[in-house]
Every structure is written in C-alpha cells, then in structure tokens.
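Trainee: Got a minute to go through this one with me? I'd like to begin with the aromatic rings.

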Amino acid sequence: MAKETGRKIIASNRKARHDYLIVDVFEAGLVLSGTEVKALRQGRASLLDGYVAVDGGEAWLENVHIQEYSQGTWNNHAPRRKRKLLLHKDEILRLEAKSREKGYTIVPLSLYFLDGRAKVEIALAQGKREYDKRQALREQQDNREAHRAMRHRQNR
C-alpha cells in the first residue's frame, strides 16, 4: 500500500475566522485512539464548539466532536473527550501566557491529515466585537462589488 502524501482536510472552523481576529497560528499533532483515526478517515469531525486549554504544562483540545466509528466495538471512543495536543514546550508556554490575557483565546481552525498523520491547526485569537464583525462584512461586500465592477468593465 502506498504511503499518503500531501494535506487532506477533514474539518474546518470557518466561524472562527468570522468571530475572532487571528493573531498567531500553530500546527499541532494529536494523540488519538485507533477508532478516532478511522472515524477521521471517514471525515466525521466537527470543530464548531472546540477550544484549546493549557493545563499543567500540556495543551488539550476540548469539546471537538469526532463521531464514533461505525464498525467499532465496545472499545469505541467517547465523541467529545479531551485530546492531548503535541506541541513544543516553548509554544505551549507562549500560548499559555497569551491566553491568560484578557480577550485572548485559543481556537482550532482546521483538522487534517498531513502525510498520513492527524494534525490540527490552532490559532491564538482575540474576540471581535459586534461592530468589528459588521465592519468586516461591509469591507468584504465592498471589495466584492469593486471586483465585480472591474470585471464588468473589462468585458466591454
């Protein structure tokens, strides 16, 4: 059997980019059980309510839903269990220091396989205010209209 290469995205958290201002992005490995890996290979995961907590010098991915493996037996995994993240010590310390500041949190952005290994992209993020969200949507809409006008002008 040939070894997997490249990046295969399983789940992404598009709402995080809308609700938070992304300050810094990290790639972390995951400690998973066998049935979790099989469920991920079937594409059964949701990052919607997930977050990262730093506890005792270790980073934990919490509240991420990985559906139970359909062919699993009595030793199937719990769908919303805490999963340990594999990061360098200095990255964990930096994340912990920043996340203790007011307004900062750590959220998962995407879950994917990289060369056959499960990885999660996490971000140090700052919560946006409601008016910031409206302003960002207005800017996107203005950019879209400008590009549409330019495209329409070029086609003439």
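Mentor: Start with the criterion: rings of Phe, Tyr and Trp, the six-membered one for Trp, pair if their centres lie within 6.5 Å. This is a predicted model.

Trainee: How many aromatic pairs does the structure hold, then?

Mentor: Zero.

Trainee: OK, charges over rings. What sits over the ring of Phe113?

Mentor: The charged end of Arg41, 4.2 Å from the ring centre.

Trainee: And which residue lies over the face of Trp60?

Mentor: Lys82, at 4.8 Å from the centre of the ring.

Trainee: Switching to Glu62. Where is it found, and is it buried with or without a salt bridge?

Mentor: Glu62 belongs to strand S5, residues 58-62. Glu62 is buried and has no salt bridge.

Trainee: Which side chain of opposite charge is nearest to Glu62?

Mentor: Lys82 again, 4.1 Å away. A salt bridge needs a side-chain nitrogen within 4 Å of a carboxyl oxygen, so this pair does not count.

Trainee: What else is Glu62 in contact with?

Mentor: Setting aside neighbours within four places in sequence, Glu62 touches Gly50, Tyr51 and Ala53, as well as Lys82.

Trainee: Now the whole protein. How many helices and strands?

Mentor: Four helices and nine strands. From the N terminus the order is β-α-β-α-β-β-β-β-β-α-β-β-α.

Trainee: What about its radius of gyration?

Mentor: It is 19 Å, against near 15 Å for a compact globule of 156 residues. The C-alpha trace spans about 65 × 45 × 25 Å along its principal axes.

Trainee: What share of the residues is buried?

Mentor: 34% of the 156.

Technical notes: Residues are numbered from 1 along each chain as its sequence is written. This is a predicted model: local features need pLDDT of at least 70, side-chain atom pairs count only at pLDDT 80 or more; totals for chains, interfaces and linings use all residues. Side-chain values use heavy atoms; hydrogens and water are left out. Rings of Phe, Tyr and Trp (its six-membered ring) pair if their centres lie within 6.5 Å; planes under 30 degrees apart count as stacked, over 60 as edge-to-face and the rest as tilted. A charge sits over a ring if NZ of Lys or CZ of Arg is within 6 Å of the ring centre and within 35 degrees of the ring normal. Helices (H or I, at least four residues) and strands (E, at least two) are DSSP runs, numbered from the N terminus. Buried means under 20% relative accessible area, exposed over 50%, partly exposed in between (1.4 Å probe, protein chains only). Lys and Arg count as positive and Asp and Glu as negative; His and the chain ends are not counted. Contact means heavy atoms within 4.5 Å. The radius of gyration is taken over C-alpha atoms; the globule rule is 2.2 Å times the number of residues to the power 0.38.
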